[in-house]
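Hi everyone, thanks for making time this morning. Let me put the structure up on the screen, and then we can walk through it together.

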Amino acid sequence: MIQRNSKTQLLTWAFFLGLLVYAILRAWIVEPIHDEVATYFHYIETGEIRGGRSLMDANNHLLNSWLGNLSYRLFGESFFLFRLPAIACFCLYFWSARKLTRNLNLGIWGEFCFVALNTIPWIFDYFSYTRGYGLAIGFFMAALLQLSLWLKEQHTGHLLLLLLFLHLAILSNLIYLITGLIIVAYIVFITLLHSKKIGIKALVFHVFFVLVFCFSLIPLIEFSFELKQAGALYYGSLDGLWWVTGKTLSRYVLFYDANWLRIVYLLTGLTGAVLLFLQWKKESWMQFLTSTSFWLCLLIAGNIFAILFLAKVMKVNYPEDRAAMYLIPLSILALTALFAQNRISKYVLVVLLFFPASFIAKLNLNTSVFSPDDRMSSAFYKNATKDLKPHETVSIYPIQQLTYAYFERTNPKRRVKHIGTLQKDFIPGSDLILTKTTWLFSKDDTSAYRVVARDPASDYIALRRKKSFTQVHLFDSIGKMKQSDEEFILFYDGPIRPEWRNKLIQIHLKGDLKTDKGLNDFNVVVSTNDSLDVNLRYDYQNLRWYYGEHVQQFKLDYPYAAKHFLNEESRLIIYIWNPERKHFKLTHPSIQIIELK
């Protein structure tokens, strides 16, 4: 027995170290995805995480943003360092899953469950991102372990750790809020049942800790309502539980999402309910209510009910893919705890071997299971922009905007950063077009362009004109030096002239900018209005994205791809938006309107 335990322990450590090294390598090598760069630009770099002028967006995973900002203030910009808390939470997840599955005493089936929990490629990816999902699921697994230990031993220390880990999970990601409330209600129920057994002193501590936990959730509940009111809970939809939640989870966990799978899930759930009923018939009420099978099923059923209630009554979107990630480990644990009890159904658990097999098949150091097209590689950026000239325009597919700006910022060879223009549809009006192959259609005439860079992992493609545009200057204006702390600083405000219409237009802005403080929110805006002064076009770029917050003096050189002015567009307004009213000095401002032929 001792020899067997030593061998199992050795294999467990080898498994852990292998996964840990893989997570570290991914954190070091894999380029940041769009959401990570957005988190960095909006929260980590600015430190504006809650209140004030912080951006109201569900991308703001509070604990991740705070830890990232702390790392940034101490060590500067490093995505590897930003990702270290997620790696630490992988360690917490791994060892919590190890002890939890071992405590089930299910032999080989418990081992299958343990390996499966740690080899879900989609979930594992988040342990090497600076996102709240990896943090949250690590704390969540630790909370589940402490819940099982508390139910077994009724020790106040386990309850304290349970509430601590649960609070950290919710602080990392608000999707665990409902689960946390269900667990607290379950704790209160079990505490009342055991009130005589645990004693007055322990009961007082239990009540105190639960009350502290509940009060600590009030700011987070308020924050969730603020997000909803601001329209920031946009992810997902109200199309239905299967179509939004079930289908997307299947796509990223099983890599298959055919509609007949919902029948399999339904039959599995019904079988689990029968097995749970048979367990209840064999056990006392107290044994049953404190069994792992029961509370796992309670968490799954409670969450599904809450999801349906929020969608039907409060019009909160059904959670899509990662917003329902917690259902995956809960389902694997519940499946194992229920099916392993029966001498026939236990063999169904062989399906858990799918996860290590798929994990091996998906091993990589350059992409991810979820949204591989949200990542721009440095090699793609370098190949696409290596011959880019200062006067040439760059059009960028929207999801590439922040990653492109990040690479521009960190490019030591480009002192004057090349600001891009957002462009979703293919329009042959720029010298360089960064887009996705999935967004190029047969109707798009790309004959004037050649491919200069391609990234199969993300489907990104860079198209450069075979022949440079001939430029005809239609308008030149050199402004006076401006020194101000005003919110809006005009470059141009006037009518769109007749000679600018029905032509391919480029607007070129230049100037030297100097501020007395670092940048935060300092934007170049190009907009157009109709004859009734209704805004029709609004393109902006935050200069901090390109130059960083510490730069106080830089040269603005922005070739903007205006393309064609619509007939409805009658007024052109170009300005710097300075919402923080930083004092700045603008010298040698100039604007050129250029026809491209």
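Let's begin at Val-525, whose bridge partner in strand 11 is Tyr-540. Before going further, please keep in mind that this is a predicted model. The bridge I just mentioned has company: strand 10, residues 523-529, and strand 11 run antiparallel and are joined by seven bridges. If you follow the chain from one of these strands to the other, you pass through a hairpin with five residues between the strands. Have a look at Asp-533 in that hairpin, because its backbone is worth a pause: what sign does its phi take? Asp-533 has a positive phi, near 65°.

Now let's widen the view to the sheet. Strands 10 and 11 belong to an open sheet of four strands, paired antiparallel, and the order across it is 8-13-10-11. Which strands sit at the edges? They are strand 8, covering 488-495, and strand 11, covering 535-542, and each of them pairs on one side only. From one strand to the next, the twist averages 10°.

Over at the strand 8 side, the partner is strand 13, residues 571-577, and these two pair in the antiparallel sense over seven bridges. To pick out one position there, Ile-489 stands opposite Ile-576 in strand 13.

Let's zoom out to the whole chain. It has 597 residues, and 55% of them count as buried. You will find 20 helices and 14 strands. Along its principal axes, the C-alpha trace spans about 85 × 50 × 45 Å. As for contacts between residues at least 6 apart in sequence, 79% join residues at least 24 apart.

What about the surface? The chain exposes about 27100 Å², with carbon and sulfur atoms supplying 62% of that area. On the charge side, there are 62 positive and 46 negative charges, and their mean positions lie 8 Å apart.

One last stop, back toward the start of the chain. Val-21 lies in helix 1, which covers residues 2-29. Is Val-21 buried or exposed, or somewhere in between? Its relative accessible area is 48%, so Val-21 is partly exposed, a label that runs from 20% to 50%. And if you compare its place with Phe-565, which is 544 residues away along the chain, the two C-alpha atoms are separated by 54 Å.

That's my tour, and I'm happy to go back to any part of it.

Key. Residues are numbered from 1 along each chain as its sequence is written. This is a predicted model: local features need pLDDT of at least 70, side-chain atom pairs count only at pLDDT 80 or more; totals for chains, interfaces and linings use all residues. Side-chain values use heavy atoms; hydrogens and water are left out. Buried means under 20% relative accessible area, exposed over 50%, partly exposed in between (1.4 Å probe, protein chains only). Contact means heavy atoms within 4.5 Å. Accessible areas come from the Shrake-Rupley method with a 1.4 Å probe; for residues, only the protein chains shown count as cover. Lys and Arg count as positive and Asp and Glu as negative; His and the chain ends are not counted. The place of a charge is taken as NZ of Lys, CZ of Arg, CG of Asp or CD of Glu. Two strands pair if DSSP finds at least two bridges between them. Axes are lines fitted to C-alpha atoms, for helices over the stretch in contact, and angles run from 0 to 180 degrees between N-to-C directions.
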